[in-house]
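Subject: Structure handover

Hello,

Please find the structure below, with the sequence. My notes on it follow.

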Amino acid sequence: MAVNLDKPHLWKEDTQRSGDFYNDWFLSYAPKAFRDTRVRVTTEVERAINDTNDFLRLGATVLRSKPGILRTLRMSCCPPIAVDRLVGLSNVSKNLVASLEKGKLPERMPDDLLNENLGRICRVVRRLLDRDLFVWIDTGKRATARQRHRASTVVADRLTGADANPLIRNAQERRQLHAIQSYLAAKGYKKRLLAQASSVHDMPRGTFAVHYNVVTGRGQNPVNVSVDVVVQPTRLRKDKLPLLIEAKSAGDFTNTNKRRKEEAKKFAQLKSTLGEDVPYILFLCGYFDAGYLGYEAQDGIDWVWEHRIDDLEHFGV
C-alpha cells in the first residue's frame, strides 16, 4: 500500500516542513561543529608552518618526516590546490598523494623514487604559495608571531569547510538513525546484530538491525547492498521480508537532484534478488522537492518524513 508516493498534493507542504526541520537542527549544530573544527585546524596549520620554518625550509626531507602537512600546503597555495590538481601539476601518483593526506608514506615505493616525487610536490607548492598571505617568504626571513597567526587563521578557514562538512553529514546520519531506533524501541522492538551471511527472511519478528549488507546478484559476482535499517514487523509479511529503510538527509535541493538515481539503482539490485515486492522505503529529512519525489515515486519507491515518523505504522511497523 502506498503511503506518500501517491499523494503529490502533500509534497509541497511536506518539503517546506522538512526544510524547516533540517534548518532548525543545522542552526543548533553546525556553528559549534565549525568553531570546534576551526580551533583544531588552526593548531594543525600553525604546527605545519613551524615544521617548515615558516615555509622557508620546504623540501622532500620535511615532507617525508611530516607527511600529514600536505593538506595544509595545498590550502596555502594561490589558488588552493585540490588533490587531483596537485597530482597533475607534480606528475606523481594519486596513491602517493592519498597516502600523504592520511599522514602516511606509501609502503612499497623505493626511497629514491619517493624522494624524487616528494621533491616534485614541494616544487609545485613553493611556486604557488600565497605570497600575499605569507608576506615574509620573499624576504627570506622568518615570520613574526603576528604574521604567522594571521596566515594560520586564513589557511585554517580554508581547511575548516572541508573538515566540517563531513562532520555535519555524519551527524545527520547519526540523528536519523537515532530517531528510527528510538521510535522502534518505544514500540518494543529489539535491536539485533545480524550475521552478514544470514538471510533477511530469517529475522525474528519485532527486531531490527542497523547497517546490514544484503547480498544481491547471482552467480560468482555477488554485490553487497548496504541498508541503513532493517525492521522485521511483529506481523510478518507472507514472504517474511523485513522493511528496508534508507536514511537520506540533504541541506540543499541541488545535492538531492544529483543523487536521486542512487536509490533507484539500489532498489533495482534489491528487487533482482528479493523480488519485485521488496519493501524498500526512504527516510527523508531536508530539501527534497517535487522533482526528486516524483522521480522516486515513478520508480515505485515510497518514503517517510522524519518530521512525521509515525507514518512508519502504515508500513506495518
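Phe283 stands opposite Val304 in β6. The model is a predicted one, which applies to everything that follows. In the β5-β6 pair, Leu282 has Trp303 of β6 as its bridge partner. Strand β5 covers residues 280-286, and its pairing with β6 is parallel, over 4 bridges.

These two strands belong to an open sheet of 6 strands with mixed pairing, in the order β1-β2-β3-β4-β5-β6. The edges are β1 (190-191) and β6 (302-305), each of which pairs on one side only. Both faces of β6 are nevertheless covered. Asp302 and Val304 are buried on one side, and Trp303 and Trp305 are buried on the other.

Helix α1 lies across β4 (243-250), β5 and β6, and runs at about 60° to β5. The helix spans residues 11-51 and has a bend of about 35° at Phe26. Just after α1 comes Asn53, with a positive phi of about 50°.

The next topic is the helices and the nonpolar cores.

In α5 (residues 94-101), the buried residues are Leu96, Val97, Ser99 and Leu100. Viewed down the axis of α5, they fall within an arc of 160°, so they line one face of the helix. Their cover includes α2 (60-65), α3 (70-75), α4 (83-90) and α6 (111-128). Just after α5, Gly103 has a positive phi of about 80°.

Which residues touch the most other members of the largest nonpolar core? They are Leu63, Leu70, Leu73, Ile121 and Phe134, in a core of 38 residues. At least two residues of this core come from each of α1, α2, α3, α4, α5, α6 and α7 (145-186). The most come from α6, which gives 6 residues.

Ile121 may be a useful place to start when you look at the contacts. Leaving aside neighbours within four places in sequence, Ile121 is in contact with Leu63, Leu70, Leu86, Ser90, Val92, Leu96, Val97 and Leu100. Of these, Leu96, Val97 and Leu100 are among the buried residues of α5 listed above.

Apart from the largest core lies another, of 25 residues. Among its members are Trp11, Val230, Phe288 and Trp303. Trp303 is the residue already named as the bridge partner of Leu282.

Two further positions are included for reference.

Is Lys261 buried or exposed? Lys261 sits in helix α8 (residues 253-274). Its relative accessible area is 58%, and the cut-off for exposed is over 50%, so Lys261 counts as exposed. Lys261 and Tyr292 are 31 residues apart along the chain, with 9.5 Å between their C-alpha atoms.

Ala82 is in the loop between α3 and α4. Its relative accessibility is 45%; buried means under 20% and exposed over 50%, so Ala82 is partly exposed. Between the C-alpha atoms of Ala82 and Gly103 the separation is 17 Å, and the two residues are 21 residues apart along the chain. Gly103 is the residue with positive phi just after α5.

Regards

Methods: Residues are numbered from 1 along each chain as its sequence is written. This is a predicted model: local features need pLDDT of at least 70, side-chain atom pairs count only at pLDDT 80 or more; totals for chains, interfaces and linings use all residues. Side-chain values use heavy atoms; hydrogens and water are left out. The bend at a residue is the angle between axes fitted to the seven residues ending there and the seven starting there. Two strands pair if DSSP finds at least two bridges between them. Contact means heavy atoms within 4.5 Å. Axes are lines fitted to C-alpha atoms, for helices over the stretch in contact, and angles run from 0 to 180 degrees between N-to-C directions. Buried means under 20% relative accessible area, exposed over 50%, partly exposed in between (1.4 Å probe, protein chains only). The arc is that of the directions from the helix axis to the C-beta atoms. A nonpolar core is a set of buried Ala, Val, Leu, Ile, Met, Phe, Trp, Tyr and Cys residues joined through side-chain atoms within 4.5 Å.
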